[in-house]
Amino acid sequence: MNHSKVPILLHNQVISCLKKHISLANLFFKTDINEPLIQYKNKGSIAGSAILSKWQIQINSIMLIEHKLDFIYEVIPHELAHLIVYQQYGRVSPHGKEWQFVMQAVFNCVPKCTHEFTIPLSIQKKRYRYICQCQDYWLTTIRHNRIQHQKAKYYCKLCHTLLQLNKNDVNNSE
């Protein structure tokens, strides 16, 4: 459990929420679900992720610290539901009917696939402006590097021309 950058109060609230929802799932499925490992990481715009093979939930610590309880009560059940679905049904569609069922019927939560939390400037991805004949595109550093190392080419979906870097305009946001 890595929580060196997360205040202990927030960490305790994460664990409390996790245990509450595990208890609900245990009652519903008449089983004994193990508590997953919680890892705090900074993952750009990703609020959290469930690592099925490791029975682990990774949480974006910066977003947790910024959004506190709203973040906890949305993200923890969301990611735990992925683990429970994997345990109960095997590999299925990530936000499919099984996951939606666990979110609604077991946790009494709204099954939202994506979060709407603001992303702190400190973790926003750098973007590179590329242009074609008809519009601008803001590409991530990963895509930009693929182009620069000649490992990929990206084309406009409308005019079908090759995207070219606009060297005068590199931004930190979209």
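Read from the N terminus, the protein chain runs α-β-β-β-α-α-β-β-α-β, a total of 4 helices and 6 strands (DSSP runs of H or I over at least four residues for helices, and of E over at least two for strands). The model is predicted, so local features need pLDDT of at least 70 and side-chain atom pairs count only at pLDDT 80 or more, while totals for chains, interfaces and linings use all residues. Residues are numbered from 1 along each chain as its sequence is written, and side-chain values use heavy atoms, with hydrogens and water left out.

The radius of gyration, taken over C-alpha atoms, is 20 Å, against a value near 16 Å for a compact globule of 174 residues (2.2 Å times the number of residues to the power 0.38). The C-alpha trace spans about 60 × 35 × 25 Å along its principal axes. Buried residues (under 20% relative accessible area, 1.4 Å probe, protein chains only) make up 40% of the chain.

Turning to the interior, the largest nonpolar core (buried Ala, Val, Leu, Ile, Met, Phe, Trp, Tyr and Cys joined through side-chain atoms within 4.5 Å) holds 35 residues, of which Ile-59, Leu-64 and Phe-107 touch the most other members. Two or more residues each come from α1 (8-29), β1 (37-41), β3 (56-60), α2 (61-89) and α3 (97-106), with α2 giving the largest share, 11 residues. Beyond its neighbours within four places in sequence, Phe-107 is in contact (heavy atoms within 4.5 Å) with His-21, Leu-24, Ala-25, Pro-77, Leu-80, Ala-81, Ile-84 and Val-102. Another core, of 8 residues, lies apart from the largest one and includes Tyr-130, Leu-139, Ile-147 and Tyr-154.

Methods:
Buried means under 20% relative accessible area, exposed over 50%, partly exposed in between (1.4 Å probe, protein chains only).
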